[in-house]
Amino acid sequence: AAGDVVVQADLVGVAKLDIKAGKLGALAVEGVFDFAKATGVGTAIAVGAMVYWNDTANQATTNATGNKQIGKCIKAAGDNDATVRVKLSQ
């Protein structure tokens, strides 16, 4: 669906429009997007922090281990925020 995060090897993009399964589609690999993140104590993400995509949990995180780099946080996200604003940098 438009707005979904799509991971292809080390490339992480955001679908510009709905893409049917098995069909080619356009992904944004640069720009500023809000990504889902975990909530709760210890989940805040500071401005300037490198952010990674956890494809299993479908959430942005600051944990690089096993995750794909998506870019840097450009708007602080608190523990209770469900999204984090990231400038994509592939």
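## Exercises on an all-strand chain

The protein chain exposes about 5,500 Å², and carbon and sulfur atoms supply 51% of that area; accessible areas come from the Shrake-Rupley method with a 1.4 Å probe, and for residues only the protein chains shown count as cover. The model is predicted, so local features need pLDDT of at least 70 and side-chain atom pairs count only at pLDDT 80 or more, while totals for chains, interfaces and linings use all residues. Residues are numbered from 1 along each chain as its sequence is written, and side-chain values use heavy atoms, with hydrogens and water left out.

### Exercise 1: the overall fold

Task: Find how many helices and strands the protein chain has, then look at its overall dimensions.

Solution.
- Step 1. Start with the rule: helices (H or I, at least four residues) and strands (E, at least two) are DSSP runs, numbered from the N terminus.
- Step 2. Count them: the protein chain has zero helices and eight strands. Read from the N terminus, the order is β-β-β-β-β-β-β-β.
- Step 3. Turn to compactness. The radius of gyration is 13 Å, close to the 12 Å that the globule rule gives for 90 residues, so the chain is as compact as a globular protein of that length. Here the radius is taken over C-alpha atoms, and the globule rule is 2.2 Å times the number of residues to the power 0.38.
- Step 4. Add the dimensions: along its principal axes, the C-alpha trace spans about 40 × 25 × 20 Å.

### Exercise 2: inside and between

Task: Work out what percentage of the 90 residues count as buried, and look at the contacts along the chain.

Solution.
- Step 1. Fix the classes: buried means under 20% relative accessible area, exposed over 50%, and partly exposed in between (1.4 Å probe, protein chains only).
- Step 2. Apply them: 23% of the 90 residues of the protein chain count as buried.
- Step 3. Now the contacts, where contact means heavy atoms within 4.5 Å. Take the contacts between residues at least 6 apart in sequence: 42% of them join residues at least 24 apart.

### Exercise 3: salt bridges

Task: Find how many salt bridges there are, and which parts of the chain each one ties together.

Solution.
- Step 1. Recall the rule: a salt bridge is a side-chain nitrogen of Lys or Arg within 4 Å of a carboxyl oxygen of Asp or Glu. By this rule the count is two.
- Step 2. Take D10 and K68, whose side chains meet at 3.0 Å, N to O. D10 lies in the loop between β1 (5-8) and β2 (11-15) and K68 in strand β7 (residues 68-75), so this pair ties together parts that are 58 residues apart in sequence. D10 is exposed, with a relative accessible area of 60%, whereas K68 is partly exposed at 26%.
- Step 3. Take R85 and D34, whose side chains meet at 2.8 Å, N to O. R85 sits in strand β8 (residues 83-89) and D34 in strand β4 (residues 30-36), so this pair ties together parts that are 51 residues apart in sequence. Both partners count as partly exposed, R85 at 31% relative accessibility and D34 at 43%.

### Exercise 4: the surroundings of A15 and D4

Task: Is A15 buried or exposed, and which residues does A15 contact?

Solution.
- Step 1. Place A15: this residue is found in strand β2.
- Step 2. Check its class: A15 is buried, with a relative accessible area of 7%.
- Step 3. List its contacts. Leaving aside neighbours within four places in sequence, A15 is in contact with A1, A2, G3, D4, V6, A26 and L27.
- Step 4. Look from the D4 side. D4 is in the segment before β1 and is partly exposed, with a relative accessible area of 39%. Not counting residues up to four places away in sequence, D4 touches G13, V14 and A15.

### Exercise 5: positive phi

Task: What is phi of A9, and what is phi of N58?

Solution.
- Step 1. Begin with the background: most residues other than glycine have a negative phi.
- Step 2. Phi of A9 is near 55°, a positive value in a residue other than glycine. A9 lies in the loop between β1 and β2 and counts as exposed at 63% relative accessibility.
- Step 3. Phi of N58 is also positive, near 55°. N58 is in the loop between β5 (50-54) and β6 (59-61) and counts as partly exposed at 44% relative accessibility.
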